[in-house]
Amino acid sequence: MNMIKFIEKKVIKNLKCPRKIPGYFYRIFKGNLISIIFLCNHLHGKKNLIFEICSPADFWNVEPIWSRLRERDEFRTYWSVLNDGLTQIPWLEYLEYLQHQGIDKKSIIISNVTPKIWGADLHLSPVDWSSRIPRGDIPKVQIFHYLPMKYSMYDKMLNFNALFFTGPPHY
């Protein structure tokens with residue numbers, strides 16, 4: 001993307017709605033900060049794994065994988081969590097729920113920051129419509145959480161490198 005298109009897309013768009021400007025810079029700052037943390041993890045021989053969940057129910061779709069990986073010292077797991085007011089419970093209760101499940105508050109990333117992050121080693125999601133994927137050439141894995149043909153968002157599935165289907169009807 002050339003500089004003029006970047007300015008048109010980001011800066012001018014935000015000037016039309018000035019209240020969005022602080023959030024835009026916050027996401028860039030937070031994404032760079034998390035990328036530095038990921039770099040430090042790499043320097044210590046750790047892999048950075050991002051699990052994406054968009055609701056408390058999504059946690060249980062990835063919990064069996066997470067519960068095995070969290071015991072291994074070579075992995076650091078992070079959670080890209082949706083905070084757009086669409087979840088069924090308030091944000092603070094959502095955080096409390098995740099902490100009750102054993103997720104460290106420091107490992108939770110607001111999902112709109114996730115596309116600004118570099119240095120992840122794996123992105124795993126049960127959400128097929130995800131557009132909040134970290135930057136870089138990393139494995140992006142989709143583990144569907146629903147019955148076949150519940151949704152038909154095939155174009156979004158192209159964001160992933162691997163798709164794990166639940167059976168032939170799903171495929």
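These are legends for a set of close-up views of a predicted model.

**View 1. The whole chain, from end to end.** Start here to get your bearings: the chain has 5 helices and 6 strands. Reading from the N terminus, they come in the order α-α-β-α-β-α-β-β-β-α-β. There are 171 residues here, and 37% of them count as buried. If you look at contacts with a separation of 6 or more, 57% join residues 24 or more positions apart. As for the outside, the accessible surface is about 10,700 Å², with 60% of it belonging to carbon and sulfur atoms.

**View 2. Phe51 on Trp79, a stacked pair.** The chain has 6 aromatic pairs in total. In this one, the ring centres of Phe51 and Trp79 sit 5.0 Å apart with the planes at 25 degrees; planes under 30 degrees apart count as stacked, so this pair is stacked. Phe51 belongs to strand E1 (residues 47-53) and Trp79 to strand E2 (residues 75-81), so the pair ties together parts of the chain 28 residues apart in sequence. Both rings are hidden away: Phe51 is buried at 1% relative accessibility, and Trp79 is buried with a relative accessible area of 1%.

**View 3. Phe59 and Trp66, edge-to-face.** Here's another aromatic pair, with 5.6 Å from centre to centre and 65 degrees between the planes of Phe59 and Trp66. Phe59 is buried, with a relative accessible area of 1%, and Trp66 is buried as well, at 3%. Zoom out a little and ring pairs link Phe51, Phe59, Trp60, Trp66 and Trp79 into a cluster.

**View 4. Around Phe51, in the largest nonpolar core.** This core has 19 residues, and the ones touching the most other members are Phe51, Ile53 and Trp79. Two or more residues each come from E1, H3, E2, H4, strand E4 (122-125) and strand E5 (140-143). Helix H3 gives the most, with 4 residues. Now pick out Phe51 and look past its sequence neighbours up to four places away: Phe51 touches Val62, Ile65, Trp66, Leu69, Thr77, Tyr78, Trp79, Ser80 and Leu124. As a rule, nonpolar side chains in soluble globular proteins tend to be buried together.

**View 5. A second core, with Tyr78 in it.** Apart from the largest core lies another one, made of 9 residues. Its members include Ile34, Ile50, Tyr78 and Ala120. Tyr78 is worth finding in both views, as this residue is also among those that Phe51 touches.

**View 6. The two sides of helix H4.** Helix H4 covers residues 91-100, and Tyr94, Leu95 and Leu98 are buried in it. These three cover an arc of only 100 degrees around the axis, so they sit on the same side of H4. What covers the buried residues? E1, helix H3 (56-69), E2 and strand E3 (108-110) are among the elements that do. Turn to the other side of H4 and you'll find Leu92, Glu96 and His100, which are exposed.

**View 7. Gly102, just past the helix.** Follow the chain on from H4 and you come to Gly102, which has a positive phi of about 105 degrees. For context, the preceding helix H4 is also one of the elements giving two or more residues to the largest core.

Notes: Residues are numbered from 1 along each chain as its sequence is written. This is a predicted model: local features need pLDDT of at least 70, side-chain atom pairs count only at pLDDT 80 or more; totals for chains, interfaces and linings use all residues. Side-chain values use heavy atoms; hydrogens and water are left out. Buried means under 20% relative accessible area, exposed over 50%, partly exposed in between (1.4 Å probe, protein chains only). Contact means heavy atoms within 4.5 Å. Accessible areas come from the Shrake-Rupley method with a 1.4 Å probe; for residues, only the protein chains shown count as cover. Rings of Phe, Tyr and Trp (its six-membered ring) pair if their centres lie within 6.5 Å; planes under 30 degrees apart count as stacked, over 60 as edge-to-face and the rest as tilted. The arc is that of the directions from the helix axis to the C-beta atoms. A nonpolar core is a set of buried Ala, Val, Leu, Ile, Met, Phe, Trp, Tyr and Cys residues joined through side-chain atoms within 4.5 Å.
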